[in-house]
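User: Could you take a close look at one part of this model for me, the place where the two chains meet, and then walk me outward from there into each chain? I work at the bench, so plain language is welcome.

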Amino acid sequence: MRTAEFRQGVRAWLDGNDLTPPPDHSLDAQVAQLARVRAALWDADWMRHGWPRAVGGLGGDGTLRAVLGEEVASRALAEPGIWSMVEVLVPTVVDYAPPALAAEMVPRLLSGREQWCQGFSEPGSGSDLASLSTRAVPDGDGWVVSGQKVWTSLAQYAARCVLLARTGGPGHAGISAFLVDMDSPGVTVRPLRTMHGVDEFAEVFLDGVRVPAHRMLGAPGDGWRLAMDLLPHERSTCFWHRVAHLYGTLDRLLADGCEPDPDALGAVWLDLHSVRCRSAATQRRQAEGGRLGPETSVDKILLATAEQRLFDTARELLPGTVELAEDATWRTGYLYARAATIYGGTAEIQRNIVARRLLGLGKE
Amino acid sequence: MDSAEHGLLEEALRRTMTTAEPGAGLDSALAGLGWTQMLAEEPDTAVPLVFRLLGETGARAAVLNDVVLRAAGRPVGGTLPLPYAGGVWVEWARDGSPAGSALDPGLPLRRVDPGEAVPLAAGRRALGWWLLGTGRAMLELAREHVLDRQQFGRPLASFQALRHRLAEAFVALEGAEAALAAAEDDTGSLLAKAVAGRAALTAARHCQQALGGIGFTAEHALHRHVRRALVLDGLLGSTRELTREAGALLLREGRARRLVDL
């Protein structure tokens, strides 16, 4: 289906099917709303476009998913961060899981019946992910996993986890990936309290968790490649969704009667416009079969910069709102934007990549 | 034009710009390469290419006049009063007169009485590409310098503080290129020039710092690009003015236009 036709169809369908979220802003309500929106869009087939037929999709390229997510974000039907998680999880499972496992599991996620999480970061391995120490040791027809994960979004709601664990020696080559059932004995989840008040991240403790052999994603040692392969997914459709959300936020700033400071507002628009143009070009390249690589660090830096400028400006032009308002919307957004230069690879890591890979400055 | 032809044209233009005598000499050399015809028949290819290369090579020609004249539906080859920052008007002379602008002696801009309103979008896009090229030229100078120069027994390029400055300049220029490539209408052109001006000034700041003392001397090429970026930024509206105009448009419409789509 062509992009323009798809967009029109989605808009018309959403106009006729009210999926407005309830006024409850708790995380439980957000996750319930996410499941509700996914289920409705899956049943109406919109959620199937852009995914392979082998996992219940209807084919077509990822641009269709970018457009669907943009419509969902523009209408604030679901929280954009958790909406976009499938963009990373599904391609990973499609590319690395045994086909039968992908065909069985993926529809559960896309249809909203399940949430999944991604167990990568550890207390001792943040920016230096390749040093992770959660271990998987062979045990009969399977593996036994022990260790600890952190910053695992939605772990407390998740039925499965795409998990990185060490099966070999130190460094990149010793890492493997698994699809782990979160109700396995030995898995404990403890939500983290965060500064923005939405406890979407959790710690995950793995204590002798048995994982069947067919739940390995790829071959032993493929874990690092899997982690690198998901970056382009995160930085195409996910970013487009986020940009749509930020445009909606700028519109809300104008609608909320902000101080009419054209210099500050213009600067915000410049940033959003730059990252939107960049992201559109990135997705065109991907849709034409191009392979995305380190140049997507540019998209990441532009996006984080735009997000922080937007919320910093909102705080200044709506004086007292972030600090005092009963309605927490601006407060939450402002505080969450502090993390934009930290999650998904810090601003410093991105600049390191730009310097090394794009500017050819050699090693530090 | 396919990509092979585009590559050949780029090569020919770059050679011409680095060898022709700046100013009137380059104007006639560009005419010899078919500038007028390119502008008439393939402006979307010719303008980004020619103006970006003017920036990258540090060359100068009076071709901005042609872009604005064509947009105004007037014959190319002459000059016309152009708005500059602060409500001033200037003319970009083509007669080879030596008097350049005070800051950039290479650019023959002289103040004139206010002229009649001219269409700005095409000229802003062209200047945006020039600013992008100027920014790229500065970044390349800084890149070579940090790779070559050793202090404390290792190349400057190995120090993270400098790597991050140059990364910052690169990201700003990439964002500008994306906005320029997507610019079509008046608003898109306004935003693109503002983003490009901002990126060039960001590049100037970081590259100047990375080049240290040598970048402050007149014998190093950097200062010519810095001067050019500052002067071009003011032409047809400065970054500051265009950013403010964009903000005023937001306030008027109560909504941010989404100018590009998938």
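Analyst: Happy to help; what follows starts at the contact between the chains and then moves through chain A and chain B in turn.

Please keep in mind that this is a predicted model. The contact between the chains draws 39 residues from chain A and 36 residues from chain B. On the chain A side, five helices each supply at least two residues: α3 (63–74), α7 (223–255), α8 (262–287), α9 (296–317) and α12 (347–358). Which of these gives the most? That is α8(A), with 17 residues. Sorted by class, the side of chain A that touches chain B has 25 nonpolar, 7 polar and 7 charged residues.

Let's see how those helices sit in the chain. Chain A is divided into domain 1 (3–113), domain 2 (117–221) and domain 3 (224–358). The C-alpha centres of domain 2 of chain A and domain 3 of chain A are 28 Å apart. Where these two domains touch, 14 residues of domain 2 of chain A are in contact with 8 residues of domain 3 of chain A. The domain 2 side of that contact has 9 nonpolar and 5 polar residues, with no charged residues.

One of the helices that reach chain B, α3(A), also has a packing partner within its own chain. Helix α1 (residues 3–16) of chain A packs with α3(A) at an angle of about 30°, the two axes lying 10 Å apart. The two helices α1(A) and α3(A) are therefore roughly parallel to each other, and their crossing is right-handed. From α1(A), the contact uses Thr3(A), Phe6(A), Arg7(A), Val10(A), Arg11(A) and Leu14(A), while α3(A) brings Thr63(A), Leu64(A), Val67(A), Leu68(A) and Glu71(A). By class, the residues of this contact comprise 6 nonpolar, 2 polar and 3 charged.

Another of the helices on the chain A side, α7(A), holds His245(A). Is His245(A) buried or exposed? His245(A) has 22 other C-beta atoms within 10 Å, and a residue counts as buried at 20 or more, so His245(A) is buried. Leaving aside residues up to four places away in sequence, His245(A) touches Ala73(A) and Pro80(A). Pro191(A), by contrast, is 54 residues from His245(A) in sequence and 25 Å from His245(A) in space, C-alpha to C-alpha.

Chain A also has a backbone detail for you to look at. Trp151(A) is not a glycine, yet its phi is positive, at about 65°. Trp151(A) is in the loop between β3 (142–149) and β4 (158–166) of chain A. Trp151(A) is buried, with 22 other C-beta atoms within 10 Å.

Now over to chain B. The domain assignment gives domain 1 (3–112) and domain 2 (121–253) in chain B, and the C-alpha centres of these two domains lie 19 Å apart. In their contact, 21 residues of domain 1 of chain B meet 27 residues of domain 2 of chain B. On the domain 1 side, α4 (43–57), α5 (64–71) and β1 (82–83) of chain B each give two or more residues. The largest share on that side is from α4(B), with 8 residues. That side of domain 1 of chain B has 15 nonpolar, 3 polar and 3 charged residues.

Chain B also offers a helix pair to follow by eye. Helix α6 (residues 121–148) of chain B and helix α9 (residues 222–234) of chain B pack at about 155°, with axes 10 Å apart. α6(B) and α9(B) are therefore roughly antiparallel to each other, and their crossing is left-handed. Residues of α6(B) in this contact include Leu127(B), Trp130(B), Leu131(B) and Met138(B), and those of α9(B) include Leu222(B), His225(B), Arg228(B) and Asp233(B). The residues of the contact between α6(B) and α9(B) are 9 nonpolar, 3 polar and 2 charged.

Finally, look at the loop between α9 and α10 (239–253) of chain B, where Leu236(B) lies. What is the phi of Leu236(B)? It is near 60°, a positive value in a residue other than glycine. Leu236(B) is buried, with 27 other C-beta atoms within 10 Å.

Key
Residues are numbered from 1 along each chain as its sequence is written. Chains are lettered from A and ligands numbered from 1 in the order in which they are written. This is a predicted model: local features need pLDDT of at least 70, side-chain atom pairs count only at pLDDT 80 or more; totals for chains, interfaces and linings use all residues. Two residues are in contact if their C-beta atoms, placed from the backbone, lie within 7 Å. Helices (H or I, at least four residues) and strands (E, at least two) are DSSP runs, numbered from the N terminus. Ala, Val, Leu, Ile, Met, Phe, Trp, Tyr, Cys and Pro count as nonpolar, Asp, Glu, Lys and Arg as charged, and the others, Gly among them, as polar. Axes are lines fitted to C-alpha atoms, for helices over the stretch in contact, and angles run from 0 to 180 degrees between N-to-C directions. Angles under 35 degrees count as roughly parallel, over 145 as roughly antiparallel, 65 to 115 as roughly perpendicular and the rest as oblique. A crossing is left-handed if the near helix is turned anticlockwise from the far one by less than a right angle, and right-handed if clockwise. A residue is buried if 20 or more other C-beta atoms lie within 10 Å of its own, exposed if 12 or fewer, and partly exposed in between; C-beta atoms are placed from the backbone. Domain bounds come from an automatic or database domain assignment.
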